[in-house]
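I opened this one cold and kept notes as I went. Here is what I looked up, in the order I looked.

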Amino acid sequence: MSSSSPLGRSRPQACALVLAVVTAVLLAGCAVSGTPRREAMKDPIRCSASECPELPVFSSKRLAESGVTAANASTTVPAYLTAVLDDLESVWQEWFAELNIENAAAGRVLITPGTSYRSECLKDTELRSGIPSDYPNAFYCLLDSEPDGGGTARKGSVILPVTTFAEMWDGKLMGSSGILLGDFTAATIIAHEYGHNVMYRLLEAYSMDKREGPTGDAPELLADCFAGNWAATVFGRKDLSFKEMAQAAMLIISIGDPAPGQGHGTSLARAKALWKGFSDNLKRQGTPGDCLQAYWPAVLRSA
Ligand SMILES: [Zn+2]
């Protein structure tokens, strides 16, 4: 479940990253040595599908339009990526708090133009000078300890190559031309990567072995579904239009794998996962419980 490019097409480097992460060993949960004065840490709650909290819709929070143009991309793109990460973090941390799960934020790395990042998920032999800012993949690496939005180092980080993201506003999606690209294309990719963080923090909180995590295509579909959960909260506060949801759907369709079992799910399966996270057939907002029930039922408490 750990690594996490949103891209379906196989690329040797991306595959190597996946392998490097998959072989990583999860840290055991930290022991808590309570002092008499301190309130004992409550045990993490495992919810059943129907009782899992919804993601909160913050009425006051607004994800402003990025305003990215060719002339200002060097400042507006990093600012927008950060704004999306901040938004994801506040929404998901509220959800984790309801489950008594602490320290669940993601570390974050923005690889800005002219810089590179040496991820622990790289094998020694690949990308010796690190991941460049135009690397054609975003991903989540659970070995990298980087600061979260509040500056606290977190083992498990979202890695975003800024130049690759900036090209999306030029209509280029990681090397190929797409249509309907824009703010929400970028946001959906980041939300997908953050979805891997959500899975990992649940494994960690419940002291589960990584072999108990979702398997096959399920980790990627679950990350898509969680991205849909978050998109629903943005939509719920009227920050997101149907046009932007179409951007997200087009993105998913254009990056699906050609066949099941190749790590990311088919385009149709991915679009379904995103939609499941977004809405229960427009009757209500999709919830993390819906996603877990579909793609990782073993993590739920049986009702
Ligand atoms: Zn992924």
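**Odd backbone spots**

I began with S207, which is exposed because just 11 other C-beta atoms lie within 10 Å. My cut-offs: buried is 20 or more other C-beta atoms within 10 Å of a residue's own, exposed is 12 or fewer, partly exposed is in between, and the C-beta atoms are placed from the backbone. S207 sits in the loop between α4 and α5, and its phi is near 50 degrees, a positive value in a residue other than glycine. Most residues other than glycine have a negative phi.

Before going on, I noted that this is a predicted model, where local features need pLDDT of at least 70, side-chain atom pairs count only at pLDDT 80 or more, and totals for chains, interfaces and linings use all residues. Residues are numbered from 1 along each chain as its sequence is written.

N103 also has a positive phi, near 55 degrees, and is not a glycine. I found N103 in the loop between α2 and β1 (107-111). Is N103 buried, exposed or partly exposed? N103 is partly exposed, because 14 other C-beta atoms lie within 10 Å.

K238, just after α5, takes a positive phi of about 65 degrees.

**The chain as a whole**

I read off eight helices and seven strands. These are DSSP runs numbered from the N terminus: helices are H or I with at least four residues, strands are E with at least two. Of the 303 residues in the chain, 47% are buried.

Then I looked at contacts, meaning two residues whose C-beta atoms, placed from the backbone, lie within 7 Å. Among contacts with a separation of 6 or more, 72% join residues 24 or more positions apart.

**The core**

Which residues have the most contacts inside the largest nonpolar core? They are L81, L160 and I190, in a core of 74 residues. Helix α4 (residues 183-205) gives the most to this core, with 13 residues. By nonpolar core I mean a set of buried Ala, Val, Leu, Ile, Met, Phe, Trp, Tyr and Cys residues joined through C-beta atoms within 7 Å. In soluble globular proteins, nonpolar side chains tend to be buried together.

I followed L81 outward: leaving out residues up to four places away in sequence, L81 touches L110, L160, V162, F165, A186 and I190.

**α2 against α4**

Helix α2 (residues 73-98) packs on α4 at an angle of about 35 degrees, with the axes 10 Å apart. Axes are lines fitted to C-alpha atoms, for helices over the stretch in contact, and angles run from 0 to 180 degrees between N-to-C directions.

On the α2 side I listed Y80, L81, V84, L85, L88, W92 and F96, which meet D183, A186, A187, I190, A191, Y194, V198 and R201 in α4. By class, this contact has 13 nonpolar, no polar and two charged residues. The classes: Ala, Val, Leu, Ile, Met, Phe, Trp, Tyr, Cys and Pro are nonpolar, Asp, Glu, Lys and Arg are charged, and the others, Gly among them, are polar.

**α5, α7 and α8**

α5 is mostly covered, with 16 of its 19 residues buried. From its first C-alpha to its last, α5 reaches 26 Å, close to the 27 Å expected at 1.5 Å a residue. The expected span is 1.5 Å times one less than the number of residues.

I picked V234 in helix α5. V234 counts as buried because it has 24 C-beta neighbours inside 10 Å. V234 and D87 are 147 residues apart in sequence, yet 9.1 Å apart in space, C-alpha to C-alpha.

In α7 I marked R270, A271, A273, L274, W275, K276, G277 and F278 as buried. In helix α8 (residues 288-295) the buried residues are P288, D290, C291, L292 and Y295. Their cover includes α2, α5 (218-236) and α7 (267-278).

**Two residues by D134**

T164 is in helix α3 (residues 162-168). T164 is buried, with 23 other C-beta atoms within 10 Å. T164 and D134 are 30 residues apart along the chain, and their C-alpha atoms are separated by 4.7 Å.

I111 is in strand β1 and is buried, with 24 other C-beta atoms within 10 Å. The C-alpha atoms of I111 and D134 are separated by 8.5 Å, at 23 residues apart along the chain.
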